[in-house]
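Here's a quick look at a protein model, written for someone who'd rather see contacts and angles than adjectives. Have the structure open while you read.

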Amino acid sequence: MLITIGFVCFGATDALAKLLTSDLPSLEVAWFRQIGLFTGVMVMLGMRGPRLLKTNHRTIQILRGVLAATSATLFILALRYVPLADATAVTFIAPFIVTAIGGLLLREPVGMRRWIAVLVGFVGMLIVIRPGMGVLHPAIFITIGAATAFATRQVLSRMLSGDDSIATTVAYTSITSTALLTIPLLFLWETPSALWVWLVALAMTACAGLGEIFIIRALDIAQAVVVAPLQYSMILWSTLYGFLLFSDLPDGWTLLGCTIIVASGLYTLNRERLVAKRQKDRARAEAANAAEAAARTEEI
């Protein structure tokens, strides 16, 4: 339930961001969005204290924040020109990029079936954007950059797994990305010209902060492998908000491509879950064998 509310909030955040791009620079909209996450982190800091920022991987944490600012800004820049559901669908290729980076650069074991799932996912993306057909604005390709930055961020998260808590990682990401976006905004700031712009910006900020709090709380209660598949519900909320606010509905090709991406993504997540389970079972068996061998040595 918590994770569903979190993604509803994030869907609303993206929809309100698209609404704001008609009156504010994309960088400023991204800043307002990150302020919401920053506010959520400040609430966590107040509840948990400075120990929340304790880490042995500060460089990686800061780099993750830089990528968060990059992905948010690129995505919002694309939203100025691209329907919400289409942009959201393309960002779903992030898990495939994570798999590709893990297999090609980090030398993680990736089986043939997962590589096929990655290939099928990219085919789904091509169906959505249909390059060369002039169906979507060229800015749709910016969402691929946003997805790549987001995927790289997830790879860094794997490097932090087991050492830093999810809350610590989110805290560093929010603080770093907010600071990074604030610096250029000192020179590019445009004061909202109407009350409704301020209200929408504040609503987006609130939705972003609430979404972060709900998802962190959900990850505290349930395992990430259980929660992760629910991220694909974002396409439902994006489609709904896109229709209500902009009268946009994805066409049949977009729905087909999105279905392929989601199916491939769920398969990839399931394969990763199975691989992680096998590794844990193997480590548990090796530990048990080592303990048994030690016990026999003592008996001798």
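What follows goes from the overall fold to the cores, then to one helix pair and one buried threonine.

First, a caveat: this is a predicted model. The protein has twelve helices and zero strands, so reading from the N terminus you just get α twelve times over, α-α-α-α-α-α-α-α-α-α-α-α. Of its 300 residues, 46% count as buried. Contacts reach far along the chain too: among those with a separation of 6 or more, 88% join residues 24 or more positions apart.

Now the inside. The largest nonpolar core holds 60 residues, and helix α1 (residues 2-20) supplies its largest share, eight residues. A second core, of seven residues, lies apart from it, with M44, L45, L52 and V170 among its members. Within the largest core, the residues with the most contacts are L20, V29, F92, I93, M204 and I261. Take M204: setting aside neighbours within four places in sequence, M204 is in contact with T13, L16, A17, L20, V29, F32 and R33.

Next, the pair α5 and α6. How do their axes cross? Helix α5 (residues 94-104) and helix α6 (residues 112-129) have axes that come within 9 Å and cross at roughly 135°. The two helices are therefore oblique to each other, and α5 passes α6 in a left-handed crossing. Here's who makes the contact:

| Helix | Residues in the contact |
|---|---|
| α5 (residues 94-104) | F96, I97, T99, A100, G103 and L104 |
| α6 (residues 112-129) | R114, W115, A117, V118, G121 and F122 |

Sorted by class, that contact has eight nonpolar, three polar and one charged residues. If the spacing of those positions looks familiar, the usual helix geometry is worth recalling: an α-helix has 3.6 residues a turn, so residues three or four places apart point the same way.

How much of α5 is covered? Mostly covered is the answer, with ten of its eleven residues buried. The buried ones are A94, P95, F96, I97, V98, T99, A100, I101, G102 and G103.

Last stop: T73, which is found in helix α3 (residues 58-79). Is T73 buried or exposed? Its relative accessibility is 18%, so T73 counts as buried; the cut-off for that is under 20%. Not counting residues up to four places away in sequence, T73 touches L27, A30 and L181.

Note on methods:
Residues numbered from 1 in each chain as written. Predicted model: local features only at pLDDT ≥ 70, side-chain atom pairs only at ≥ 80, totals over all residues. Heavy atoms only, no water. Axes fitted to C-alpha atoms, helices over the stretch in contact; angles between N-to-C directions. Helix = DSSP H or I, 4+ residues; strand = E, 2+ residues; numbered from the N terminus. Parallel < 35°, antiparallel > 145°, perpendicular 65-115°, else oblique. Left-handed = near helix turned anticlockwise from the far one by under 90°. Contact = heavy atoms within 4.5 Å. Nonpolar A, V, L, I, M, F, W, Y, C, P; charged D, E, K, R; others polar. Buried < 20%, exposed > 50% of the residue type's maximum accessible area, 1.4 Å probe, protein only. Core = buried A, V, L, I, M, F, W, Y, C linked by side-chain atoms within 4.5 Å.
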